[in-house]
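Here are some quick notes to go with the structure you asked about. Have it open while you read.

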Amino acid sequence: MSVFLGAFNKAIADELQFKLTQRTAPRRLSEQQNDIVTAALDPKGGSINIIARAGCGKSTTLLELARKVDTRAYAATFHSIGLRIWRESGHRSEIDGMKTKSLARAVFPYDKKLASLLGAAVSFAKQAAFGVRGAPGGTEADWAGLIDYYQLDDEIPAGISAERFITECEKVYRKSLAMCTDENSIIDFDDMLLAPMYFHGNKPPAVQYDWVFTDEAQDTNPIRRMLAKWILRPGGRMISCGDPRQAIYHFCGASSNAMDLIKEEMSAVELPLNVTYRCPKAIVTMAQTWVPDFTAHESAPEGVIRTIDHSDFWLENLSVDDVILCRNTRPLVGIAMRLRQAGISCVVEGQSGQALIALITKWGDITIESFLLRMREWQDQQESKWLAKERPDKLEAVNDRCGTVRQLTEGMNIESDTTKRLVARVELLFGDDNRDNVLRLCTIHRAKGREWERVYLIGRTTYQPSPYASTDEELRQEENLMYVAITRVKHELVEVTVPRKGRKDDPEWWEV
């Protein structure tokens, strides 16, 4: 038996299961795909890491491979596999996706924002497998590191100390685990992965697989990798497919070196899948700056790359089929505000709005004038802290967030308007509008896994690499972002050059 796991939801898993069971004629595979299949069918072979670059047919490869090695291949999400193991261990738990949030709200019943922050910290700890054998033990230092890494302390209200916040995190984490095995057992979605490993990880699960296929392996977090390894029978083989140069979610719990960890743990051999059928040849040539082995198929279109000045950007005939990408959130907000003033319907996608609201409401509902003064003091404190800790990535995030909020206050009466109105402005500008007739702006992180005919990339040579990136790992993440950004293009890339800001009080380029 084999199982096909990936970074997908149930609907996609069902679609993959349908494809796996179809009795269709074998696809004509490329030379690289045939090499992968040959290696997998070798009875003396071991686990394999497929290094699949952007648009190189990795999904087709995995599906064909699963069909060839095991006619009983089964597609599932990580969560459904974890839940199945939990049920087979004798637990008849009720599933409550709000469990951790409810526990957090019981701690801070009068502060929804703080309760939400507490719930997020506990969720991150579950993804990091706190307390599972071979993972961090959930000590105070572990919690402090987690809070520091995800910048959660930036969002903790001024009246709550970091020490108290950690204490409450530990209590909620323990309570959540206890509820998994109570007489009236309740689990949430994170528990579907954590609980089987935490309570039963010292013995093999009831069902193990000869083959475990994992897609988007570069974005796996500790608990997912542990679960994938746990369900593999002794002597079984793991096929992990992903692109290490698309590892850009380190801040979300994914390990930036996930595929290296899998390779080491599984003694896996690496095989390439680097001939793209999606990206135009011009884009591939540019991408080779960061990923030299990336290659365009001979049938790929030539593609178009244009470079325009920021002043000419406003003259472009923008379409709802386009996308505007940028490394940072602040320029996207400025662009979106100006486009809306020009009558162009647009939305800034992603979760950035939630982080901005958390900062805006940090000191309650006060006037914009008072808020800006407090935010300036807080920003100075944060800058000193992150400089002392030599964390330039954190410093950049703080400055980008504060600059974005200041941008959003423009045009408001700072003496009479309050932060409540500022929150409303954020909610209007940010979101996940599902309409087709709206122009979308998003960060490169948000764009991963998607594609557009035309991509406007704002200020790549100005905002990238980040001026705060100094270590090899930080610089590699910046290169990964540039590679991800341009490989979203199916036809045309428009690079928009923007000037570097001079003095601190100079207007931004989109304000001129």
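The points below cover an enclosed space and one glutamine.

1. First, some ground rules: this is a predicted model, where local features need pLDDT of at least 70, side-chain atom pairs count only at pLDDT 80 or more, and totals for chains, interfaces and linings use all residues. Residues are numbered from 1 along each chain as its sequence is written, and side-chain values use heavy atoms, with hydrogens and water left out.

2. Searching the whole structure turns up 1 cavity of 30 Å³ or more. A cavity here is a set of points on a 1 Å grid over the protein atoms alone where a 1.4 Å probe fits but cannot get out. The largest cavity holds about 70 Å³, a volume being the space filled by probe spheres set on the points.

3. What lines it? Residues with an atom within 4 Å of a point count as lining, and for the largest cavity they include Phe78, Thr214, Arg224, Arg225, Met238 and Glu265. Two elements give two or more residues each, α10 (222-230) and α11 (258-266), and α10 gives the most, with 4 residues. Helices are DSSP runs (H or I, at least four residues) and strands are too (E, at least two).

4. By type, the lining divides into 6 nonpolar, 2 polar and 4 charged residues.

5. Now look at Gln218, in the loop between β6 (209-214) and α10. Gln218 counts as buried (under 20% relative accessible area), because its relative accessibility is 2%. Its side chain makes a 2.8 Å polar contact (N or O atoms within 3.5 Å, one able to donate a hydrogen and the other to accept it) with the side chain of Glu216. A polar atom of the Gln218 side chain also lies 3.0 Å from the backbone nitrogen of Asp243.

Methods
1 Å grid on protein atoms, 1.4 Å probe; cavity = no way out; pocket = protein on both sides within 12 Å on 5 of 7 lines; lining within 4 Å. Nonpolar A, V, L, I, M, F, W, Y, C, P; charged D, E, K, R; others polar. Buried < 20%, exposed > 50% of the residue type's maximum accessible area, 1.4 Å probe, protein only.
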